[in-house]
Structure formats: structure tokens, C-alpha cells
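Take a look at the chain below. This report walks through its layout, its pockets and a few chosen residues.

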Amino acid sequence: MVSLTAPYVSGFLAFREVPFLLELVQQLREKEPGLMPQVLLVDGNGVLHHRGFGVACHLGVLTDLPCVGVAKKLLQVDGLENNALHKEKIRLLQTRGDSFPLLGDSGTVLGMPTGQPSPSLSQALRSHDRSTRPLYISVGHRMSLEAAVRLTCCCCRFRIPEPVRQADISSREHIRKSLGLPGPRTLRSPKAQRPVACPKRDSGESSGGAPSPQRQADRTTPGGRRSTAQHQVGQR
């Protein structure tokens, strides 16, 4: 665990988090060089940034490793807005791998290779068939947008790519154990659920015989169905 002393300021995330990430990469390089990653996926933005240089760029330059920015929310820069038009484009993303480029007011194509150098390269990507919220992929360092989008999509079992998802799960579990906090609530198994009380028998139904016609009708109508207990799953 580390203590973050720098305050969070939008657009300056790298100055808060990169020093610790850089230290981890350096430790891995010295102690386990065979485990050095070929690409870093960063939970943040690359060149999709107010100054065209987000946390993925910052970390990539300092480590000299290819980096990809994987953001969960749209950083609204250069006229990009989460408005009705943007939401309509998201709605048109039908299957995993569908994407659309992000075009800023400056005329810079944010996400589509044009054959010319571009200061900003980013794209909205639907990473999973059952997810309705896209990821915002941007170039960080030593990585083309096309390769970044393809790699991110290949790493997704769910909405968030596994390297980022597993890092988040492991860090939360480490914090929980370090602080002695209780574990997350889990759904009780069906066998452990409280049984539903037996309904009263009709006067025409004997203990060993078939139910009365009226009772049989009640069981087949919406009004005669028994309700089941509902359990809420604790969310983190």
C-alpha cells in the first residue's frame, strides 16, 4: 500500500499516481525481468487529454513501454461532449468490437488513422456483447490506435479488460485484508433459503387425495402463485 499525498486534480492524474506505478515497473524489471509486460493497459487516458498527454502517455514515456489508455468515461475535451448525439452513436454499437472515432471541434480526427500525424488518437469501443457502456481507448505510447483497440477487445471477458479488472480486484482485496474489513456479501445458496410456508388446504382437499378443482385452478393462475423470497446481493 502507498500513501497518496498529491491531491486529485482533473487533468493531472499522472503526477498523483505515476511515481508509484513507475516504481513497481522498475522493481519488476530488476527482480523478475522475465515477467516484464510487453504492453501496459492504464486505467486512464492517453492523448485524449486536455494537453494531449494523459497518464498513459506519462507512464509510457518514463518506462519506455507501449501503453494504452483505457477510460470508462468520456473525458470531454476539444468539444467532445456526452450529449444526445454521442449517446446515439453509443446506441448504434451493436456487438463486441464495434467502435466509432471521436472527432474534436479542432478538426482533429480523434481515433481514426488518417495517414498523417495526429496529436490525439482515441476511439469509443464496445468491449462486450452484454455491455451497453463503451470504453474510451486512446493511444498512450509506442502503440497505434488500431492495435490498441484490437488488443483491448481481445483482453475483455467482461466490459473491463482483464489486466485492469484483475488489478482492481486484487488491490481492493489487499486493502480489505490490511484494514481488517469484512469480506463482500455473497448470495446464499438455494438450499439455505428459508422455506415458504405451506398454503392452507381447501375444505374439499384431503390429506392424501388430489386437490379440489378450485385449488388446482388457483395454482395455475397468477393470483394463486406463491411468491419466493428475494435476496439482495451486496455491491461494492
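How do the residues of the lining of the largest pocket divide into nonpolar, polar and charged? Keep that in mind while we set the scene. The model is predicted.

**Overall layout**

The chain has 236 residues, and 31% of them count as buried. It holds six helices and six strands. Read from the N terminus, the elements follow the order α-β-α-β-α-β-β-β-β-α-α-α. Now consider the contacts between residues with a separation of 6 or more. Of these, 58% join residues 24 or more positions apart. The accessible surface comes to about 15900 Å². Carbon and sulfur atoms own 54% of that surface.

**The two pockets**

Here is the answer to the opening question. The lining of the largest pocket has 25 nonpolar, four polar and 10 charged residues. The table sets this pocket beside the second largest.

| Pocket | Volume | Lining | Nonpolar | Polar | Charged |
|---|---|---|---|---|---|
| Largest | about 1900 Å³ | 39 residues | 25 residues | four residues | 10 residues |
| Second largest | about 420 Å³ | 17 residues | seven residues | six residues | four residues |

Which residues lie nearest the centre of the largest pocket? They are Leu21, Val164, Ala167, Asp168 and Ser171. Several elements share in the lining. H1, S1, H2 and H5 each give at least two residues. H5 supplies the largest share, with 11 residues.

The second largest pocket has its own central group. Tyr8, Leu13, Asp43, Gly44 and Asn45 lie nearest its centre.

**Helix H5**

H5 covers residues 162-179, which makes 18 residues. How far apart should its ends be? At 1.5 Å a residue, the helix should span 26 Å. The expected span counts one less than the number of residues. The end C-alpha atoms are 25 Å apart, so the model agrees with the expected span. Right after H5 comes glycine 180. Its phi is positive, near 70 degrees.

**Helix H2**

Is H2 largely enclosed or largely open? Count its buried residues. A residue is buried when its relative accessible area is under 20%. Seven of the nine residues of H2 (residues 55-63) are buried, so the helix is largely enclosed by the rest of the structure. The buried ones are Val55, Ala56, Cys57, His58, Leu59, Gly60 and Thr63. What do they pack against? Their partners are helix H1 (13-31) and the strands S1 (40-42), S2 (67-71) and S6 (135-141). H2 is followed by aspartate 64. The phi of aspartate 64 is positive, near 60 degrees.

**Two residues up close**

Start with threonine 63. This residue is found in helix H2. Is threonine 63 buried or exposed? Its relative accessible area is 4%, so threonine 63 is buried. Set aside residues up to four places away in sequence. Threonine 63 then touches Leu22, Val25, Arg29 and Leu40.

Now turn to asparagine 82. This residue sits in the loop between S2 and helix H3 (84-91). Its relative accessible area is 39%, so asparagine 82 is partly exposed. Leave aside its neighbours within four places in sequence. Asparagine 82 is then in contact with Leu74, Gln76 and Lys87.

Conventions. Residues numbered from 1 in each chain as written. Predicted model: local features only at pLDDT ≥ 70, side-chain atom pairs only at ≥ 80, totals over all residues. Heavy atoms only, no water. Helix = DSSP H or I, 4+ residues; strand = E, 2+ residues; numbered from the N terminus. Buried < 20%, exposed > 50% of the residue type's maximum accessible area, 1.4 Å probe, protein only. Contact = heavy atoms within 4.5 Å. Areas by Shrake-Rupley, 256 points an atom, 1.4 Å probe, with all protein chains shown as cover. 1 Å grid on protein atoms, 1.4 Å probe; cavity = no way out; pocket = protein on both sides within 12 Å on 5 of 7 lines; lining within 4 Å. Points joined across faces, edges and corners; volume = space filled by probe spheres on them. Nonpolar A, V, L, I, M, F, W, Y, C, P; charged D, E, K, R; others polar.
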